[in-house]
Structure formats: structure tokens, C-alpha cells
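Work through the exercises below with the coordinates open. Each task is followed by a stepwise solution.

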Amino acid sequence: MLFFALLAVLHIALQLPVVAAQDGSISGPTSSSSAAGYSCDPSQCKLPNCNCASTSPPGGLSPSEVPQFVVFTADDAIQSYTINSVNQFLAQRKNPNGCPIKMTYFTSLNYTNYTLVTDWYVAGNEIGDHTMTHVGSPPADEINGNLIALNALAGIPLDAIKGFRAPYLNYTAETLQLLANVEFTYDSSSASSIPVTDPGTDAYWPYTLDYGLANDCLTVEGVCKGQPKIPGLWEIPMYAFFDDLGVDGPHLMDPWLDVANGASTVNDTATFEYMQNTFTAHYGGNRQPIGLYTHPIHLCTTYPGVSPPNGTIEMINEFLDWVQEQQDVWIVSNEQLLAWVQNPVPVSQLDSFEPLKCPTPQIDPSLKICNGIPENEAGLLEECDFPDFPFFTCYGCPEVEVSPSNPNPSQKVPAGQQMRYRLPDNCSTPFWDPIKGNCLCQSSNCAFTDNSRPIGPNGANLTGGGTGGDGNDSSGSAPTPTYINFNGASPVKLWTGSLVGVMSALVVGAFGAATGWALVSI
């Protein structure tokens with residue numbers, strides 16, 4: 001098994017330059033007002049089910065009443081070292097209400113370890129569809145097969161997989177229609193490619209396709225000027241950063257891999273400056289969201305044979321530290337952002353806004369149940385030792401590897417054991433026992449505890465908490481808690497408070513320590 005895993009690592013390592021060059025970069029505007037030809041009737045298109053593409057905040061709110069959302073997403077396979085990569089930025093942070101940060105992981109299945117998908121979802125994060133085998137302009141079986149496999153082998157409820165992002169951001173009008181056919185809530189593949197300070201900006205708040213697409217009108221055929229007309233399907237644009245070249249200097253996915261200001265080499269200081277300047281333009285304007293759209297592999301510190309980009313990691317954490325010092329800033333998943341857009345409330349009412357709270361499943365830690373909580377599932381996982389994509393799962397190994405033509409193969413039952421039960425529609429993942437086929441809690445009021453803290457009044461708790469770095473601050477201030485390595489390899493400093501309070505980002509760490517799985521490549 002180790003031999004094949006090492007081959008997989010080499011395979012991906014050889015592919016890294018291709019990904020860096022192709023997967024999600026833009027070089028200039030992808031749309032224009034004239035190419036968009038966009039027209040929407042706001043008297044007919046009303047929230048929560050319809051929203052016109054607009055640079056103004058939804059619900060008629062003034063910018064001063066609007067939270068500044070920073071969306072954090074990751075693309076591709078989920079493995080221990082990609083979770084490490086995300087955790088080094090988010091695990092120690094909290095939003096103004098004290099809740100751990102949630103993010104969106106657009107998951108493709110090649111090299112993915114399914115049990116980590118389960119753990120990441122149960123920890124409170126959003127799982128999105130990124131096709132099965134990472135293909136651009138995907139056919140239906142790539143999109144639908146991913147849904148089926150994530151449900152069958154990771155226990156992700158079908159109705160929880162709401163969003164899609166096309167690999168390489170390569171999509172068509174047909175792609176969007178395929179999403180609507182299987183009732184996705186949103187797509188997030190288009191680019192916002194013109195600065196918010198430009199009168200012709202395409203930095204629209206998320207909108208529905210009732211009146212067609214308004215982004216990527218210069219780069220995607222068959223869209224814009226009222227097409228494709230898909231009522232109820234949301235588009236969440238990906239908001240670019242801009243360097244000193246303005247509209248000619250956009251940076252979309254993994255901006256820290258790009259050169260800035262027309263230079264010939266990457267410069268972390270220049271990247272930090274343009275990220276800070278772009279954020280300020282959003283924050284001081286109509287507060288359109290801004291996003292960190294990542295391929296975590298590029299920022300791994302535990303990837304075999306690859307030197308970690310420590311300077312870049314420090315720069316990104318410094319940027320997030322600064323962002324969280326600003327009032328009314330929330331780091332969120334796409335799902336959380338869209339929930340607010342559909343039902344916008346002013347910052348003064350965020351205290352009672354459910355999608356930003358942190359409900360945590362309350363499960364007896366001594367209970368042995370394969371449910372996505374590492375302390376409960378220890379010793380219960382099945383190892384599916386396929387030569388190309390070995391993985392662990394709670395839900396029983398398939399007889400053959402999953403594929404677009406066969407996303408849910410028959411289950412292989414080891415001698416002396418019984419078939420495991422897949423997640424039913426009427427049970428929540430952390431409460432489902434796939435070995436016994438039993439739901440611990442079937443009530444709508446299952447044992448979830450909310451751990452959010454009050455926000456305000458009088459300016460209290462308007463900023464987030466937690467910073468990056470290692471706590472070695474020469475200023476004499478209190479040490480900064482660092483994140484917990486997924487594999488538990490290094491000493492850590494924790495926030496005071498309950499384990500539940502940090503569960504969203506840290507709970508999955510126990511699995512990496514228990515299994516030592518660090519070599520199965522994405």
C-alpha cells in the first residue's frame with residue numbers, strides 16, 4: 001500500500017506546476033457592461049428566491065449596516081495534509097460571535113480520503129461538488145457521480161451538497177443547466193474581474209440566474225444577454241484581488257502564487273499590500289464579499305518532499321489578522337454567505353442570525369459509533385486498499401473503485417462481518433450508526449448545542465478573535481494560540497474554553513494522529 005501511495009504523491013508533485021498555471025487564474029477582465037447586456041426587474045425578482053445582479057447590498061441595506069464577508073474556500077481532494085493546510089489559517093480564529101470559522105471545500109474524489117470528508121463535514125464545514133475526476137466543462141455523470149459517491153461513502157446528506165465549482169473554472173451554459181437539473185442551490189465558478197472602484201465593475205453580490213448570467217461574458221460562450229435563464233439557481237462570483245495595475249492586474253485563485261505589479265518574481269510583501277488594498281476598497285464601498293480561494297496543496301507544510309512556503313503562510317495569516325481587526329468582518333463559507341444574502345439582516349441583528357451560529361452535535365465521547373467524530377469512530381473505520389486511491393470510510397468499502405459510470409458500487413463485506421448501512425434521509429450524519437443501522441436521534445431537536453456568544457451592544461464583540469503566527473511576540477502581549485497540526489505532530493497552545501468551542505476546525509485532528517495517513521496523494 002505504501003508503495004502505491006508514494007507513486008500517487010509523485011504523480012501529484014509532477015502535476016503541481018500545471019495546476020498553478022491553469023487552475024483558476026485570470027489575466028484581465030472577463031466581462032463588460034456591454035457584453036453582459038444584463039437587465040433585471042427588481043419588482044419581480046425578490047428575495048429570498050430571486051435576486052438581481054447588483055453592486056448594492058441586498059435587502060436595501062446601507063453599506064454601514066452590512067457585514068463584510070470574507071469567503072474561504074478550498075478545491076480538490078481532501079487529505080490530512082490539505083486539512084493541515086486549511087487549519088493553519090482558520091483553526092485558531094473565531095468570528096465576532098465566538099464561533100469557529102467555517103469554510104467551503106469543493107471536493108473531487110481522486111485521492112480523497114472519504115472519512116476525512118465525513119469528519120470535516122461533521123465539524124461544521126460545507127462540502128461542495130468539484131466533479132469526480134477533476135474535469136473542466138464536466139458531463140452530467142461527473143457532477144452527479146460525485147454527489148452519489150459523497151453520500152454513499154462519506155455520509156454527506158444529498159441536500160447538504162448545495163454548491164458546485166468547475167475544475168479550472170471551466171464551465172459552460174450547459175454546466176449551469178446540469179446543476180439546476182439536480183437541484184443544486186448555487187454555482188461558484190465565475191469571476192468578478194473588475195475592481196469595485198471601477199464604474200463598470202462586475203463585483204456583484206450573489207444573484208440568481210432568472211435573468212441570465214452577468215459575469216464571464218467575454219470568456220464563456222452562450223452566457224449573458226439574458227442567458228442562460230435558470231430561475232432560482234444562484235451564482236456566487238469569485239471576487240478577485242487587484243494589484244497596482246488595477247483592472248490589468250487581477251489575482252483570483254491562490255493569488256500568492258502570482259507575480260504582482262508586472263514584476264518577474266513573486267513577492268509576498270507586494271501580495272499582502274494589494275490584498276489589503278482590495279479589501280479596503282470593498283470594506284469602504286458597498287461591502288461586496290471578498291474571497292480567499294485556495295488549492296491547499298500549495299500551502300502544505302506536511303507534504304512529503306516539498307519545502308513549506310513559510311513566508312507566504314506567514315503573510316496570509318498576517319493578512320487575516322489585520323482583516324479580523326476591522327469591525328463587522330466575518331470569515332464564512334459560501335453557504336453562510338448565501339444564507340445571509342437570501343435573508344439579509346443588519347449587523348445589529350446578527351446576534352440572532354442562525355446560519356452564523358455554531359451548533360455542535362453532543363455525542364457521548366465514550367460511545368463507539370462511526371460518525372465523523374474521531375474520538376467516537378476510532379477503531380471502526382474500514383480501510384479500502386485500492387492501488388490507485390486507497391481510503392478509509394465508515395460506510396463500507398466498495399467492491400471496485402468508484403467512477404463516473406459506477407459511483408456507488410456494491411459493498412464488499414469482509415468475512416465474518418455484516419454489510420454497513422448507508423446514511424438514510426431522516427438522520428443527521430453524527431447521529432447515524434452505519435454498523436448497527438441505527439439513528440441515535442431522529443427528532444428535529446437533536447442534541448446540538450449552540451456555543452455562540454452575544455454580539456454587542458455598544459460595540460462589544462464586533463471583531464473576530466484569534467491570530468496567526470506562533471505566539472513569539474516580542475511586544476510583550478499575551479501569546480497567540482497556534483493551530484493544532486492535523487497529525488498532532490508539534491506542540492500546540494490552545495484557546496481556553498470547551499472542546500466544543502473549537503470543534504469546527506480541530507475535531508478532525510485525532511484521525512490523522514490515529515492512522516498516520518499522510519502519504520495518500522491528492
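Buried means under 20% relative accessible area, exposed over 50%, and partly exposed in between, with a 1.4 Å probe and protein chains only. This is a predicted model, where local features need pLDDT of at least 70, side-chain atom pairs count only at pLDDT 80 or more, and totals for chains, interfaces and linings use all residues. Residues are numbered from 1 along each chain as its sequence is written, and side-chain values use heavy atoms, with hydrogens and water left out.

**Exercise 1. Describe the chain as a whole.**

Step 1. Count the secondary structure. The chain has twelve helices and 19 strands. Helices (H or I, at least four residues) and strands (E, at least two) are DSSP runs, numbered from the N terminus.

Step 2. Take the burial. Of the 522 residues, 57% count as buried.

Step 3. Take the contacts, meaning heavy atoms within 4.5 Å. Among those between residues at least 6 apart in sequence, 70% join residues at least 24 apart.

**Exercise 2. Classify the disulfide of cysteine 99 and cysteine 358.**

Step 1. Apply the criterion: a pair of cysteine sulfur atoms within 2.5 Å. Here the S to S distance is 2.1 Å. The whole structure holds seven disulfides.

Step 2. Assign the hand. The torsion about the S-S bond is about -70 degrees, so this disulfide is left-handed.

Step 3. Place both ends. Cysteine 99 lies in the loop between H3 and strand E2 (104-107), and cysteine 358 in the loop between helix H9 (334-342) and strand E14 (359-361), so the pair ties together parts that are 259 residues apart in sequence.

Step 4. Check burial. Cysteine 99 is buried at 2% relative accessibility. Cysteine 358 is buried too, at 6%.

**Exercise 3. Which hand do the links of cysteine 45 with cysteine 50 and of cysteine 217 with cysteine 224 have?**

Step 1. Start with cysteine 45 and cysteine 50. Their sulfur atoms are 1.9 Å apart. The angle about the S-S bond is -100 degrees, a left-handed link.

Step 2. Add burial. Cysteine 45 has a relative accessible area of 6% and is buried. Cysteine 50, at 7%, is buried as well.

Step 3. Turn to cysteine 217 and cysteine 224. Their sulfur atoms are 1.9 Å apart. With -80 degrees about the S-S bond, this link is left-handed. Both cysteines are buried.

**Exercise 4. Analyse the aromatic pairs.**

Step 1. Set the rule. Rings of Phe, Tyr and Trp (its six-membered ring) pair if their centres lie within 6.5 Å; planes under 30 degrees apart count as stacked, over 60 as edge-to-face and the rest as tilted. The count by this rule is 14 pairs.

Step 2. Test tyrosine 81 with tyrosine 303. The ring centres are 5.1 Å apart and the planes stand at 90 degrees, so the pair is edge-to-face.

Step 3. Locate this pair. Tyrosine 81 lies in helix H3 (residues 80-90) and tyrosine 303 in the loop between strand E12 (290-294) and helix H8 (310-324), so parts 222 residues apart in sequence are tied together. Tyrosine 81 is buried at 1% relative accessibility, and tyrosine 303 at 4%.

Step 4. Test tyrosine 204 with tyrosine 207. They are edge-to-face: 6.1 Å centre to centre, 85 degrees between the planes. Tyrosine 204 is buried at 13%, and tyrosine 207 at 0%.

Step 5. Find a cluster. Ring pairs link Phe241, Phe279, Tyr283, Phe319 and Trp322.
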